[in-house]
Amino acid sequence: MLAAVSVLSLGLLLSACSTSKESELVASSPEDSFTNPVSTIGNDPYVINHGDGYLAVESKNGGLWVTQSEPGNLTGIFKSSVTEKIWDTPTAGANCKDVWAPELHLLDDAWYVYYAATTCDGDNANHRMFVLKSDSMDPLGSYTDLGPVAMREDFWAIDGTVVDLEGQRYFLWSGWEAEEDGQQNLYIAPMDSPTTLAAERVKLSEPTETWEKMAMPIQEGPQVLVKEDTTHVIYSASGSWTDDYAYGALTFQGGDVLDPLNWVKTPHALFGKTDKVTGVGHGSFVVSPDGTEDWMIYHASRAPGSGWDRVLRMQPFEWEGTKPVFGEPVGPDITLKLPSGELKP
């Protein structure tokens with residue numbers, strides 16, 4: 001499955017649903033509107049469509065939490081009272097500190113939560129990918145901790161996600177080439193189960209462009225987006241603590257999924273900072289409650305220069321064929337229309 005997202009793909013240009021189209025996003029009345037941020041604190045938002053609402057998974061308050069929105073309420077997902085702590089961060093072991101970027105995937109007959117974590121001493125070099133499996137089909141129910149994702153090589157790994165392509169399931173993540181920090185690349189490997197990789201990793205892409213190397217050469221936070229028969233990977237580039245954090249993309253051209261030559265990188269950022277909103281990236285993509293609009297949920301710096309002090313935001317985007325038009329982060333002074341079909345509280 002494609003991370004429970006049945007929409008989306010990528011443009012090769014940073015298109016312009018920006019200030020020229022902001023007027024089309026503005027609400028005509030307060031009862032049909034919302035403003036950003038949708039949460040005043042948060043990181044790496046992962047939200048999926050589920051039934052008549054949405055599910056979000058977050059790392060906070062000593063563990064992992066899954067939240068279910070009220071029916072048809074996308075903008076209120078982070079304020080919903082229907083939330084459960086599905087896992088407590090352990091007090092010992094390889095996954096007891098710095099639990100990052102959880103993702104929730106329905107694979108085969110169970111829910112799986114993938115997350116990155118490190119040892120209790122907080123040593124970043126020990127970050128690896130881990131996985132939980134649900135004990136039932138209830139995403140807010142109990143989970144079993146299955147430990148680390150079984151990889152052929154034991155290297156630093158974060159931001160894991162899952163994609164089905166050409167009849168095969170793959171794991172996609174951000175990692176180091178060897179034992180030392182200094183650059184993060186995107187890696188991919190086939191899976192033979194939701195917890196085990198079937199082969200050695202392949203370096204799918206590395207940061208080569210100036211916009212991918214601000215403060216440090218980084219590609220991370222991959223998200224798989226599909227429009228019609230075109231598959232893309234949206235990723236975040238440059239130092240996540242900088243104002244220059246931005247979205248880039250890889251587009252699959254067909255053929256062998258594990259051949260990097262079959263993926264084309266955008267020549268420049270697709271979604272980046274403005275003078276009002278900075279540090280944008282590492283989010284997720286859903287459709288509106290009635291299925292007619294495409295929406296992006298992402299984090300941004302609380303203020304220019306605030307680094308990892310972040311808020312969560314959302315806004316719609318459009319398409320040119322199979323290319324998304326992300327435009328620019330909508331300014332904090334813009335009152336947006338509610339997603340189409342959103343039920344009023």
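**A cavity and a sheet that share a strand**

In this predicted model, β6 gives the most to the lining of the second largest cavity, with 3 residues.

Reader: How many cavities of 30 Å³ or more does the structure hold, and about how much space lies in the second largest cavity?

Author: The search for enclosed spaces, with a threshold of 30 Å³ or more, gives 2 cavities in this structure. For the second largest cavity, the computed space is about 30 Å³.

Reader: Which elements give two or more residues to the lining of that second largest cavity?

Author: The lining residues include A101, P102 and E103, and also H282 and G283. β6 covers residues 97-107, and β19 covers residues 281-287. The elements that give two or more residues to this lining are therefore, with strands taken as DSSP runs, β6 and β19.

Reader: What classes of residue make up the lining of the second largest cavity?

Author: Among the residues that line this cavity are P45, Y46 and Q223, together with D44. Proline and tyrosine count as nonpolar and aspartate as charged, whereas glutamine is placed with the polar residues. Sorted in this way, the lining has 4 nonpolar, 3 polar and 2 charged residues.

Reader: Where does β19 stand in its sheet, and which strand is at the other edge?

Author: The open sheet has 4 strands in the order β19-β20-β21-β22, with antiparallel pairing. Each edge strand pairs on one side only, and these strands are β19 and, at residues 323-325, β22.

Reader: Which residue in β20 stands opposite F285?

Author: β19 runs antiparallel to β20, which spans residues 294-301, and 5 bridges join these two strands. Across this pairing, the residue of β20 that stands opposite F285 is M296.

Conventions. Residues numbered from 1 in each chain as written. Predicted model: local features only at pLDDT ≥ 70, side-chain atom pairs only at ≥ 80, totals over all residues. Heavy atoms only, no water. Pairing = 2+ DSSP bridges. 1 Å grid on protein atoms, 1.4 Å probe; cavity = no way out; pocket = protein on both sides within 12 Å on 5 of 7 lines; lining within 4 Å. Points joined across faces, edges and corners; volume = space filled by probe spheres on them.
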